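Hi everyone, thanks for making the time. I'd like to walk you through one model this morning, going from a helix to the packing around it and then to the empty spaces.

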Amino acid sequence: MNAVGIDVSKGKSMMMALQPMNQVVLKPREYPHTEVGLEQMAYDILRLGEDTRVIMEATGRYHEPVVAVLHEHGIRVTVMNPLFIKQSGGGSIRKVKTDKADARKIAKYGLDNWTDLREYTPMEAIREQLKLVSRQYDLYMKNVVALQNNLISLTDKVFPGVNEMFSSPDRADGSQKWVDFIMTFWHCECIALISEAAFTERYRKWCKRKGYHFSGSKAADLYIDSIGHITTLPKNSNTKLIITTAARELTSAKAALAVLRAEMDRLARQLPEYETVRAMYGVGERTAPQLMAEIGDVRRFPRRSSIVSFAGVDPAVDESGKHISKSNPTTKRGSPHLRKTLYQIVCTYLLKAPADEPVYQFLDKKRAEGKPYFVYMTAAQNKFLRIYYARVKECLLAADARESSER
């Protein structure tokens, strides 16, 4: 019974192994994250014998090459949430923070929780890629929001309210009509200082060049709206540079976002549960890939409550002696990306109010009981996840059965 603790960091790992009674069978040793270094780590673990389990913390991306090499060598690996190791305390009240001490703490946790260690199973390549693209999508979305707010703030100095004059939806490539418009007519005086007929003709040619629908009445409205503004930036080359640069950056970021969205959809369609997820109320073409990316294969969760805990939408427990708290916040220990997607889905239920949907019925019941907004919204997310787990797991099991019969 050998528990191997690996403290993973960028470019290297510290490893040591313990047996019961804290007997050291492998002294702390550092291994670089190179082909030779990780091969040597695997051989040292294999020499300990069959009854050996490796424990390491999930550290973003740093642990991935380590766990991949060890799994290829047939070594049983457990990847733990760092919070488990932190809360275990390591059997000492002293605060010691070194790689050797951390490796020992992880190994000791493995011995203390030997029967509860779940073996790591590598994620399918498609699911791994989908999750990576989804995280990149979230990052680019934050950039797009910041760039859009910046552009609106700048245009308020030269053409107040121009972003509200167009209602056209985003194109497939991510471009927006008002952003394209402001790149050409970057100051209200670009319109107001010429005649209405001259602007209408320029606007018609612009629409034709950009592929937008031309409307004479829209041109007239734009011309009227350009008159009478008090601007805080003059119409000069410096202002033009600032406005057009900001517009180009936003257009570029939204184009990248559109590419990532298309790739997410392409990857998600290759998974067997895609149609089942899309058929669920409130799940759209954007939220479906994000939901599938963050949850992954539901078969890795032993029960419905596990997926709820993974998302962090389960209420915390606060009881001690005679004190029993009746209103507790959620644990929020899981993926914030998943909670964000779930919130967007439940907002759809709240907006559309489908009376025949069980999630909305549950939400409405909690709301009727007088529960606060975030309480009934979180309860609805919990309910949705449980339904998701049941439907998707049934779908995957059916897919496995079909695969087996075809063989």
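Let's begin at Gly296, which takes a positive phi of about 75° just after helix H12. A word on conventions: this is a predicted model, where local features need pLDDT of at least 70, side-chain atom pairs count only at pLDDT 80 or more, and totals for chains, interfaces and linings use all residues. Residues are numbered from 1 along each chain as its sequence is written, and side-chain values use heavy atoms, with hydrogens and water left out. Helices (H or I, at least four residues) and strands (E, at least two) are DSSP runs, numbered from the N terminus.

So, H12 itself. This helix spans residues 287–295 and is mostly covered, with nine of its nine residues buried. Buried here means under 20% relative accessible area, exposed means over 50%, and partly exposed is in between, using a 1.4 Å probe and protein chains only. The cover over those buried residues includes helices H5 (125–158), H10 (237–268), H11 (274–278), H13 (304–311), H14 (336–352) and H16.

Which residues does Glu294 touch, not counting residues up to four places away in sequence? They are Lys131, Ser134, Arg135, Arg300, Phe310, Ser335, His337 and Leu338, where contact means heavy atoms within 4.5 Å. Glu294 sits in H12 and has 2% relative accessibility, so it counts as buried.

Leu291 is another of the buried residues of H12. Leaving aside its neighbours within four places in sequence, Leu291 is in contact with Val277, Val283, Leu338, Thr341, Leu342, Ile345, Phe384 and Tyr388. That takes us to the cores. A nonpolar core is a set of buried Ala, Val, Leu, Ile, Met, Phe, Trp, Tyr and Cys residues joined through side-chain atoms within 4.5 Å. The largest one has 72 residues, and Phe181, Leu291, Phe384 and Tyr388 touch the most other members. A second, separate core of 19 residues includes Leu26, Tyr31, Val54 and Val67.

On to the aromatics. Rings of Phe, Tyr and Trp (its six-membered ring) pair if their centres lie within 6.5 Å; planes under 30 degrees apart count as stacked, over 60 as edge-to-face and the rest as tilted. Searching the whole structure gives 15 aromatic pairs. In one of them, the ring centres of Phe199 and Tyr223 are 6.3 Å apart and the planes are at 35°, so this pair is tilted. Phe199 belongs to helix H8 (residues 196–210) and Tyr223 to helix H9 (residues 216–225), so the pair ties together parts that are 24 residues apart in sequence. Phe199 is buried at a relative accessible area of 0%, and Tyr223, at 12% relative accessibility, counts as buried too.

Trp206 and Tyr212 form a stacked pair, 5.4 Å centre to centre with 15° between the planes, and both are buried. These four residues belong to one aromatic cluster, made up of Phe166, Phe181, Phe185, Phe199, Tyr203, Trp206, Tyr212, Phe214 and Tyr223.

Now the empty spaces, and for this crowd the grid details. On a 1 Å grid over the protein atoms alone, a cavity is a set of points where a 1.4 Å probe fits but cannot get out, and a pocket is an open set with protein on both sides within 12 Å along at least five of seven lines; lining residues have an atom within 4 Å of a point. Grid points are joined across faces, edges and corners, and a volume is the space filled by probe spheres set on the points.

The largest pocket has a volume of about 2,000 Å³. Of its 48 lining residues, Ala58, Val79, Asn81, Arg300 and Phe310 are the closest to the centre. Arg300 and Phe310 we have already met, as contacts of Glu294. Elements giving two or more residues to the lining are helix H2 (64–72), strand E5 (77–80), helix H3 (82–88), H5, H12, H13 and H14, and H2 has the largest share, with five residues.

Finally, how many cavities of 30 Å³ or more does the structure hold? There is one, with a volume of about 40 Å³. Its lining is Met280, Tyr281, Tyr349, Glu357, Pro358, Val359, Phe384, Ile387 and Arg391. H16 gives the most to that lining, with three residues. Phe384 is a link back to the start, being one of the contacts of Leu291. Thanks for listening!
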